[in-house]
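Me: Could you take a close look at the ligand site in this one? I'd like to hear what surrounds the ligand and how the site ties into the rest of the fold.

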Amino acid sequence: MAAAGLPLGCARGQPAQPVASLPPLRQQARAAGRGFGAAIRSEILAADPAYGALFAAEAELLTPEWEAKWEALQPEEGRFDFAPLAPLLAFAQANQQRLRGHALLWHEAMPPWLPAALGEGQARARGIMETHLATVLAQTRATIRDWDVVNEPIANPPGSDNPQPGDNPLRETPWFRALGRDYIELSLRSARALDPTLRLTINEYGIEEATPDAEIKRARMLGLLRHLLERGCPLDALGIQAHLQMRRPFRADVFARFVGQVRDMGLAVLITELDVREPDALAPSIEARDAAVAARTAEFVGAAVSAGCRNVITWGLSDRDSWLVKEPAVARRDGATTRGLPFDDAFQRKPMWQALAGAMR
Ligand code: XIL
(Lines give C-alpha, C1' and ligand atoms only; values in the text may rest on other atoms or scores of the structure.)
Protein backbone atom coordinates (compact mmCIF):
# COMPACT_ATOMS: atom_id res chain seq x y z
CA MET A 1 0.00 0.00 0.00
CA ALA A 2 1.22 3.56 -0.61
CA ALA A 3 2.76 5.24 2.39
CA ALA A 4 0.20 7.27 4.31
CA GLY A 5 -0.24 10.80 3.02
CA LEU A 6 1.46 10.20 -0.32
CA PRO A 7 -0.40 10.01 -3.61
CA LEU A 8 -0.89 6.39 -4.60
CA GLY A 9 1.55 5.25 -7.27
CA CYS A 10 4.19 7.24 -5.42
CA ALA A 11 6.59 5.50 -3.07
CA ARG A 12 8.32 7.52 -0.38
CA GLY A 13 11.36 9.36 -1.71
CA GLN A 14 10.57 8.58 -5.36
CA PRO A 15 8.94 10.81 -7.96
CA ALA A 16 5.27 9.99 -8.64
CA GLN A 17 4.71 7.81 -11.70
CA PRO A 18 1.60 8.65 -13.71
CA VAL A 19 -1.08 6.13 -12.83
CA ALA A 20 -1.79 5.35 -16.49
CA SER A 21 1.79 4.13 -16.95
CA LEU A 22 1.80 1.68 -14.04
CA PRO A 23 1.67 -2.04 -14.87
CA PRO A 24 -1.85 -3.54 -14.98
CA LEU A 25 -3.40 -5.06 -11.86
CA ARG A 26 -2.97 -8.51 -13.33
CA GLN A 27 0.80 -8.04 -13.47
CA GLN A 28 1.13 -6.29 -10.13
CA ALA A 29 -0.87 -8.99 -8.35
CA ARG A 30 1.02 -11.81 -10.08
CA ALA A 31 4.38 -10.28 -9.11
CA ALA A 32 3.25 -10.56 -5.49
CA GLY A 33 2.06 -14.17 -5.92
CA ARG A 34 -1.61 -13.16 -6.02
CA GLY A 35 -4.39 -13.17 -8.57
CA PHE A 36 -6.60 -10.32 -9.68
CA GLY A 37 -9.63 -10.74 -11.90
CA ALA A 38 -13.12 -9.56 -12.70
CA ALA A 39 -16.55 -10.68 -13.83
CA ILE A 40 -17.40 -10.18 -17.48
CA ARG A 41 -20.47 -10.43 -19.72
CA SER A 42 -20.01 -11.73 -23.22
CA GLU A 43 -22.39 -9.23 -24.82
CA ILE A 44 -20.19 -6.35 -23.65
CA LEU A 45 -17.10 -8.12 -24.90
CA ALA A 46 -18.72 -8.66 -28.30
CA ALA A 47 -19.86 -5.05 -28.57
CA ASP A 48 -16.64 -3.31 -27.57
CA PRO A 49 -13.11 -4.40 -28.54
CA ALA A 50 -11.61 -1.73 -26.28
CA TYR A 51 -13.25 -3.43 -23.34
CA GLY A 52 -11.77 -6.77 -24.37
CA ALA A 53 -8.31 -5.23 -24.55
CA LEU A 54 -8.70 -3.68 -21.12
CA PHE A 55 -9.99 -6.92 -19.63
CA ALA A 56 -7.21 -8.99 -21.18
CA ALA A 57 -4.56 -6.63 -19.85
CA GLU A 58 -5.91 -6.15 -16.33
CA ALA A 59 -7.53 -9.47 -15.33
CA GLU A 60 -5.94 -12.85 -14.80
CA LEU A 61 -9.12 -14.39 -13.36
CA LEU A 62 -12.40 -14.32 -15.24
CA THR A 63 -15.87 -15.02 -13.87
CA PRO A 64 -18.78 -15.18 -16.31
CA GLU A 65 -21.31 -12.75 -14.86
CA TRP A 66 -24.32 -14.64 -16.24
CA GLU A 67 -23.25 -17.25 -18.80
CA ALA A 68 -22.64 -20.12 -16.36
CA LYS A 69 -25.80 -19.66 -14.32
CA TRP A 70 -28.51 -22.28 -14.53
CA GLU A 71 -30.92 -20.22 -16.66
CA ALA A 72 -28.15 -19.80 -19.24
CA LEU A 73 -26.91 -23.39 -19.21
CA GLN A 74 -30.18 -25.33 -18.98
CA PRO A 75 -33.02 -23.00 -19.98
CA GLU A 76 -35.38 -25.93 -20.51
CA GLU A 77 -35.16 -29.27 -18.82
CA GLY A 78 -32.72 -31.47 -20.66
CA ARG A 79 -31.77 -28.77 -23.17
CA PHE A 80 -28.26 -27.62 -22.31
CA ASP A 81 -26.88 -24.56 -24.04
CA PHE A 82 -23.19 -23.78 -23.82
CA ALA A 83 -23.28 -21.24 -26.64
CA PRO A 84 -23.42 -18.13 -24.39
CA LEU A 85 -20.46 -19.39 -22.38
CA ALA A 86 -18.31 -20.39 -25.37
CA PRO A 87 -16.96 -16.93 -26.27
CA LEU A 88 -15.81 -16.41 -22.69
CA LEU A 89 -14.01 -19.75 -22.62
CA ALA A 90 -12.28 -18.85 -25.88
CA PHE A 91 -11.41 -15.36 -24.64
CA ALA A 92 -9.93 -16.72 -21.41
CA GLN A 93 -7.91 -19.28 -23.30
CA ALA A 94 -6.59 -16.69 -25.77
CA ASN A 95 -5.51 -14.46 -22.90
CA GLN A 96 -4.19 -17.12 -20.49
CA GLN A 97 -6.86 -16.34 -17.92
CA ARG A 98 -8.19 -18.67 -15.25
CA LEU A 99 -11.96 -19.07 -15.16
CA ARG A 100 -14.22 -19.37 -12.15
CA GLY A 101 -17.51 -21.16 -12.69
CA HIS A 102 -20.47 -19.30 -11.21
CA ALA A 103 -22.74 -20.88 -10.05
CA LEU A 104 -24.07 -24.44 -9.99
CA LEU A 105 -26.77 -24.10 -7.32
CA TRP A 106 -28.37 -20.73 -6.60
CA HIS A 107 -31.88 -19.59 -5.79
CA GLU A 108 -31.66 -16.86 -8.46
CA ALA A 109 -31.17 -17.12 -12.22
CA MET A 110 -33.27 -20.28 -12.14
CA PRO A 111 -35.17 -20.98 -15.37
CA PRO A 112 -38.94 -21.04 -14.79
CA TRP A 113 -39.20 -24.84 -15.07
CA LEU A 114 -36.71 -25.50 -12.28
CA PRO A 115 -38.44 -24.45 -9.03
CA ALA A 116 -41.60 -26.24 -10.16
CA ALA A 117 -39.72 -29.44 -10.98
CA LEU A 118 -37.85 -29.35 -7.66
CA GLY A 119 -41.23 -29.39 -5.94
CA GLU A 120 -41.98 -32.83 -7.39
CA GLY A 121 -40.26 -34.84 -4.68
CA GLN A 122 -36.80 -35.66 -3.38
CA ALA A 123 -35.83 -38.27 -5.94
CA ARG A 124 -36.77 -35.93 -8.76
CA ALA A 125 -34.79 -33.05 -7.21
CA ARG A 126 -31.71 -35.24 -6.78
CA GLY A 127 -31.96 -36.42 -10.34
CA ILE A 128 -32.15 -32.84 -11.61
CA MET A 129 -29.12 -31.85 -9.55
CA GLU A 130 -27.11 -34.86 -10.72
CA THR A 131 -27.90 -34.30 -14.37
CA HIS A 132 -26.99 -30.62 -14.27
CA LEU A 133 -23.73 -31.19 -12.43
CA ALA A 134 -22.72 -34.16 -14.56
CA THR A 135 -23.44 -32.40 -17.85
CA VAL A 136 -21.96 -29.02 -16.93
CA LEU A 137 -18.85 -30.38 -15.22
CA ALA A 138 -18.14 -32.77 -18.10
CA GLN A 139 -18.49 -29.97 -20.64
CA THR A 140 -16.30 -27.48 -18.74
CA ARG A 141 -13.79 -29.92 -17.29
CA ALA A 142 -10.89 -28.72 -19.42
CA THR A 143 -11.55 -25.02 -18.96
CA ILE A 144 -13.08 -24.33 -15.54
CA ARG A 145 -11.22 -25.71 -12.54
CA ASP A 146 -13.00 -23.78 -9.79
CA TRP A 147 -16.76 -23.64 -9.35
CA ASP A 148 -19.09 -21.92 -6.95
CA VAL A 149 -20.98 -25.11 -6.23
CA VAL A 150 -23.45 -23.40 -3.90
CA ASN A 151 -24.08 -19.67 -4.03
CA GLU A 152 -25.66 -17.78 -1.10
CA PRO A 153 -26.77 -20.66 1.15
CA ILE A 154 -26.99 -18.61 4.35
CA ALA A 155 -30.27 -16.96 5.42
CA ASN A 156 -30.44 -13.24 6.11
CA PRO A 157 -31.46 -12.83 9.74
CA PRO A 158 -34.80 -11.25 10.70
CA GLY A 159 -34.54 -7.46 10.70
CA SER A 160 -31.90 -7.33 7.94
CA ASP A 161 -32.38 -6.48 4.26
CA ASN A 162 -34.40 -9.27 2.58
CA PRO A 163 -34.80 -11.16 5.85
CA GLN A 164 -35.95 -14.74 6.25
CA PRO A 165 -38.30 -15.21 9.19
CA GLY A 166 -37.40 -17.74 11.86
CA ASP A 167 -34.03 -18.99 12.97
CA ASN A 168 -33.06 -21.40 10.21
CA PRO A 169 -29.42 -20.55 9.49
CA LEU A 170 -29.85 -21.77 5.90
CA ARG A 171 -31.74 -19.88 3.23
CA GLU A 172 -34.98 -21.67 2.40
CA THR A 173 -34.46 -21.95 -1.34
CA PRO A 174 -36.23 -24.36 -3.70
CA TRP A 175 -33.20 -26.64 -3.18
CA PHE A 176 -33.56 -26.49 0.58
CA ARG A 177 -37.29 -27.11 0.39
CA ALA A 178 -36.76 -30.13 -1.87
CA LEU A 179 -33.81 -31.78 -0.10
CA GLY A 180 -33.42 -30.14 3.29
CA ARG A 181 -30.04 -28.91 4.48
CA ASP A 182 -28.34 -31.93 2.90
CA TYR A 183 -28.67 -30.34 -0.53
CA ILE A 184 -25.36 -28.60 0.08
CA GLU A 185 -23.51 -31.76 1.07
CA LEU A 186 -25.11 -33.73 -1.76
CA SER A 187 -24.00 -31.22 -4.36
CA LEU A 188 -20.43 -31.02 -3.05
CA ARG A 189 -20.09 -34.81 -2.88
CA SER A 190 -21.50 -35.17 -6.32
CA ALA A 191 -19.15 -32.54 -7.77
CA ARG A 192 -16.15 -34.21 -6.15
CA ALA A 193 -17.17 -37.63 -7.44
CA LEU A 194 -17.63 -36.27 -10.96
CA ASP A 195 -14.30 -34.42 -11.02
CA PRO A 196 -11.93 -35.28 -8.15
CA THR A 197 -9.50 -32.38 -8.71
CA LEU A 198 -12.07 -29.65 -9.23
CA ARG A 199 -11.87 -26.85 -6.67
CA LEU A 200 -15.17 -26.66 -4.78
CA THR A 201 -16.28 -23.32 -3.40
CA ILE A 202 -19.20 -22.04 -1.36
CA ASN A 203 -19.87 -18.38 -2.13
CA GLU A 204 -21.73 -15.89 0.07
CA TYR A 205 -22.58 -12.20 0.48
CA GLY A 206 -23.25 -9.99 3.48
CA ILE A 207 -20.54 -11.56 5.64
CA GLU A 208 -17.84 -8.88 5.41
CA GLU A 209 -19.00 -5.85 7.29
CA ALA A 210 -19.20 -4.82 10.94
CA THR A 211 -22.98 -4.96 11.28
CA PRO A 212 -25.01 -7.18 13.61
CA ASP A 213 -26.58 -8.89 10.57
CA ALA A 214 -23.21 -9.72 9.08
CA GLU A 215 -22.05 -11.03 12.46
CA ILE A 216 -24.99 -13.45 12.47
CA LYS A 217 -24.31 -14.52 8.90
CA ARG A 218 -20.63 -15.11 9.73
CA ALA A 219 -21.60 -17.31 12.67
CA ARG A 220 -24.08 -19.18 10.49
CA MET A 221 -21.46 -19.69 7.80
CA LEU A 222 -18.91 -20.97 10.30
CA GLY A 223 -21.56 -23.37 11.60
CA LEU A 224 -22.28 -24.66 8.10
CA LEU A 225 -18.60 -25.09 7.23
CA ARG A 226 -17.91 -26.89 10.51
CA HIS A 227 -20.88 -29.20 9.94
CA LEU A 228 -19.76 -30.06 6.42
CA LEU A 229 -16.13 -30.66 7.34
CA GLU A 230 -17.02 -32.77 10.39
CA ARG A 231 -18.96 -35.02 8.08
CA GLY A 232 -16.01 -35.35 5.76
CA CYS A 233 -17.77 -33.45 3.02
CA PRO A 234 -15.43 -32.27 0.25
CA LEU A 235 -14.94 -28.51 0.14
CA ASP A 236 -11.94 -26.36 -0.77
CA ALA A 237 -12.79 -22.71 -0.44
CA LEU A 238 -15.09 -20.01 0.80
CA GLY A 239 -15.81 -17.22 -1.65
CA ILE A 240 -16.61 -13.88 -0.07
CA GLN A 241 -18.60 -11.78 -2.51
CA ALA A 242 -17.81 -8.41 -0.94
CA HIS A 243 -20.50 -6.22 -2.42
CA LEU A 244 -19.46 -3.56 0.06
CA GLN A 245 -21.74 -0.69 1.09
CA MET A 246 -20.35 2.62 2.29
CA ARG A 247 -23.36 3.14 4.53
CA ARG A 248 -22.27 0.12 6.55
CA PRO A 249 -19.25 0.09 8.87
CA PHE A 250 -16.27 -2.08 8.07
CA ARG A 251 -13.73 -3.27 10.63
CA ALA A 252 -10.55 -4.86 9.41
CA ASP A 253 -9.96 -6.75 12.68
CA VAL A 254 -13.43 -8.31 12.69
CA PHE A 255 -13.14 -9.35 9.07
CA ALA A 256 -9.59 -10.68 9.41
CA ARG A 257 -10.63 -12.77 12.40
CA PHE A 258 -13.38 -14.40 10.34
CA VAL A 259 -11.03 -15.12 7.44
CA GLY A 260 -8.59 -16.61 9.93
CA GLN A 261 -11.29 -18.87 11.41
CA VAL A 262 -12.19 -20.19 7.97
CA ARG A 263 -8.56 -20.72 6.97
CA ASP A 264 -7.93 -22.54 10.24
CA MET A 265 -10.49 -25.09 9.03
CA GLY A 266 -8.17 -25.79 6.11
CA LEU A 267 -10.18 -23.84 3.55
CA ALA A 268 -8.92 -21.17 1.17
CA VAL A 269 -10.71 -17.83 1.20
CA LEU A 270 -11.05 -15.62 -1.83
CA ILE A 271 -12.82 -12.39 -2.72
CA THR A 272 -15.20 -13.13 -5.56
CA GLU A 273 -17.42 -10.14 -6.39
CA LEU A 274 -15.93 -6.96 -4.98
CA ASP A 275 -17.59 -3.63 -5.65
CA VAL A 276 -18.48 -0.65 -3.51
CA ARG A 277 -21.95 0.84 -3.22
CA GLU A 278 -21.74 4.55 -2.47
CA PRO A 279 -23.80 6.17 0.30
CA ASP A 280 -27.27 7.57 -0.41
CA ALA A 281 -26.03 11.16 -0.03
CA LEU A 282 -23.07 11.58 -2.36
CA ALA A 283 -20.12 13.85 -1.61
CA PRO A 284 -20.26 16.96 -3.80
CA SER A 285 -17.24 16.22 -5.98
CA ILE A 286 -16.17 13.18 -8.00
CA GLU A 287 -12.75 13.44 -6.35
CA ALA A 288 -14.22 13.13 -2.87
CA ARG A 289 -16.45 10.24 -3.92
CA ASP A 290 -13.59 8.37 -5.54
CA ALA A 291 -11.34 8.97 -2.56
CA ALA A 292 -13.94 7.48 -0.22
CA VAL A 293 -14.45 4.40 -2.40
CA ALA A 294 -10.68 3.97 -2.69
CA ALA A 295 -10.16 4.28 1.05
CA ARG A 296 -12.79 1.59 1.72
CA THR A 297 -11.23 -0.65 -0.94
CA ALA A 298 -7.73 -0.19 0.49
CA GLU A 299 -8.97 -1.04 3.95
CA PHE A 300 -10.97 -4.05 2.84
CA VAL A 301 -8.55 -5.59 0.35
CA GLY A 302 -5.64 -4.79 2.65
CA ALA A 303 -7.33 -6.75 5.43
CA ALA A 304 -8.24 -9.61 3.10
CA VAL A 305 -4.74 -9.95 1.68
CA SER A 306 -3.08 -9.74 5.11
CA ALA A 307 -5.47 -12.40 6.38
CA GLY A 308 -4.37 -14.73 3.58
CA CYS A 309 -6.75 -14.18 0.64
CA ARG A 310 -4.68 -14.64 -2.50
CA ASN A 311 -7.28 -13.95 -5.14
CA VAL A 312 -9.42 -10.85 -5.53
CA ILE A 313 -12.11 -10.54 -8.19
CA THR A 314 -14.19 -7.42 -8.82
CA TRP A 315 -17.76 -7.64 -10.14
CA GLY A 316 -16.95 -6.01 -13.46
CA LEU A 317 -14.11 -3.63 -14.32
CA SER A 318 -15.76 -0.40 -15.41
CA ASP A 319 -18.53 1.65 -13.81
CA ARG A 320 -20.13 1.79 -17.25
CA ASP A 321 -21.15 -1.88 -17.11
CA SER A 322 -21.61 -2.42 -13.39
CA TRP A 323 -24.70 -4.23 -12.14
CA LEU A 324 -24.82 -1.36 -9.63
CA VAL A 325 -25.82 0.81 -12.57
CA LYS A 326 -27.88 -1.61 -14.68
CA GLU A 327 -29.76 -3.72 -12.13
CA PRO A 328 -32.87 -1.90 -10.82
CA ALA A 329 -32.74 -3.74 -7.49
CA VAL A 330 -29.35 -2.27 -6.63
CA ALA A 331 -29.06 0.84 -8.85
CA ARG A 332 -29.13 4.29 -7.25
CA ARG A 333 -32.53 5.91 -6.97
CA ASP A 334 -31.10 9.33 -7.89
CA GLY A 335 -29.93 7.99 -11.26
CA ALA A 336 -26.25 8.78 -10.61
CA THR A 337 -23.64 6.29 -11.80
CA THR A 338 -22.22 4.38 -8.88
CA ARG A 339 -18.43 4.70 -8.95
CA GLY A 340 -17.80 1.36 -7.30
CA LEU A 341 -15.38 -0.33 -9.74
CA PRO A 342 -11.70 0.29 -10.56
CA PHE A 343 -12.28 1.93 -13.99
CA ASP A 344 -14.60 4.81 -14.83
CA ASP A 345 -16.99 4.70 -17.75
CA ALA A 346 -14.24 5.94 -20.10
CA PHE A 347 -11.96 3.08 -18.91
CA GLN A 348 -9.65 5.38 -16.97
CA ARG A 349 -8.01 4.03 -13.83
CA LYS A 350 -9.62 5.50 -10.75
CA PRO A 351 -8.33 5.82 -7.19
CA MET A 352 -10.03 2.47 -6.52
CA TRP A 353 -7.65 0.94 -9.09
CA GLN A 354 -4.72 2.43 -7.19
CA ALA A 355 -6.10 1.10 -3.92
CA LEU A 356 -6.35 -2.39 -5.40
CA ALA A 357 -2.84 -2.19 -6.80
CA GLY A 358 -1.47 -1.04 -3.47
CA ALA A 359 -3.26 -3.70 -1.46
CA MET A 360 -2.39 -6.53 -3.85
CA ARG A 361 1.28 -5.60 -3.96
C1 XIL B 1 -25.86 -10.30 -10.85
C2 XIL B 1 -25.43 -9.79 -12.20
O3 XIL B 1 -24.37 -8.90 -12.05
C4 XIL B 1 -26.58 -9.10 -12.87
O5 XIL B 1 -26.22 -8.69 -14.18
C6 XIL B 1 -27.75 -10.06 -12.90
O7 XIL B 1 -28.82 -9.46 -13.48
C8 XIL B 1 -28.09 -10.54 -11.52
O9 XIL B 1 -26.98 -11.14 -10.95
N10 XIL B 1 -24.39 -12.06 -6.30
C11 XIL B 1 -24.04 -12.99 -7.25
C12 XIL B 1 -24.04 -12.60 -8.68
O13 XIL B 1 -23.62 -14.08 -6.90
O14 XIL B 1 -24.34 -13.68 -9.52
C15 XIL B 1 -24.97 -11.45 -8.95
O16 XIL B 1 -24.81 -11.05 -10.30
C17 XIL B 1 -24.71 -10.32 -8.00
C18 XIL B 1 -24.92 -10.76 -6.58
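Reply: Here's a walk through the ligand site, starting at the ligand and working outwards. Keep in mind that this is a predicted model.

The ligand sits in the largest pocket. Around the ligand you'll find Glu65, Lys69, His102, Trp106, Asn151, Glu152, Gln241, His243, Glu273, Trp315, Trp323 and Glu327. Sorted by type, that shell comes out as 5 charged, 4 polar and 3 nonpolar residues.

Now for the polar contacts. Glu65 puts a polar side-chain atom 2.5 Å from an oxygen atom of the ligand. Glu327 does likewise, with a polar side-chain atom 2.6 Å from a ligand oxygen. Gln241 deals with a nitrogen instead: an N or O atom in its side chain is 3.2 Å from a nitrogen atom of the ligand. As for cover, the ligand taken alone exposes 410 Å², and the protein buries 83% of that.

Glu65 is worth a second look, as it also has a partner within the protein. Arg41 forms a salt bridge with Glu65, and the closest N and O atoms of the two are 2.8 Å apart. Arg41 belongs to the loop between β1 (35–40) and α2 (42–47), while Glu65 belongs to the loop between β2 (61–64) and α4 (70–73), so this pair ties together parts that are 24 residues apart in sequence. In general, side chains of opposite charge can pair when their charged atoms come close. The model has 29 salt bridges in total.

Next, the backbone at His102, another residue of the shell. Most peptide bonds are trans. The one from His102 to Ala103, however, is cis, with omega near 0°. Ala103 lies in strand β3, which covers residues 98–105.

One more backbone detail to check is Asn162, in the loop between β4 (144–151) and α8 (174–179). Asn162 isn't a glycine, yet its phi is positive, at about 45°.

Definitions and conventions. Residues numbered from 1 in each chain as written. Predicted model: local features only at pLDDT ≥ 70, side-chain atom pairs only at ≥ 80, totals over all residues. Heavy atoms only, no water. Near = heavy atom within 4 Å. Polar contact = N/O pair within 3.5 Å; in protein donor to acceptor, adjacent residues only side chain to side chain. Areas by Shrake-Rupley, 256 points an atom, 1.4 Å probe, with all protein chains shown as cover. 1 Å grid on protein atoms, 1.4 Å probe; cavity = no way out; pocket = protein on both sides within 12 Å on 5 of 7 lines; lining within 4 Å. Sits in = over half its atoms within 2 Å of the grid points. Nonpolar A, V, L, I, M, F, W, Y, C, P; charged D, E, K, R; others polar. Salt bridge = Lys/Arg side-chain N within 4 Å of Asp/Glu carboxyl O. Helix = DSSP H or I, 4+ residues; strand = E, 2+ residues; numbered from the N terminus.
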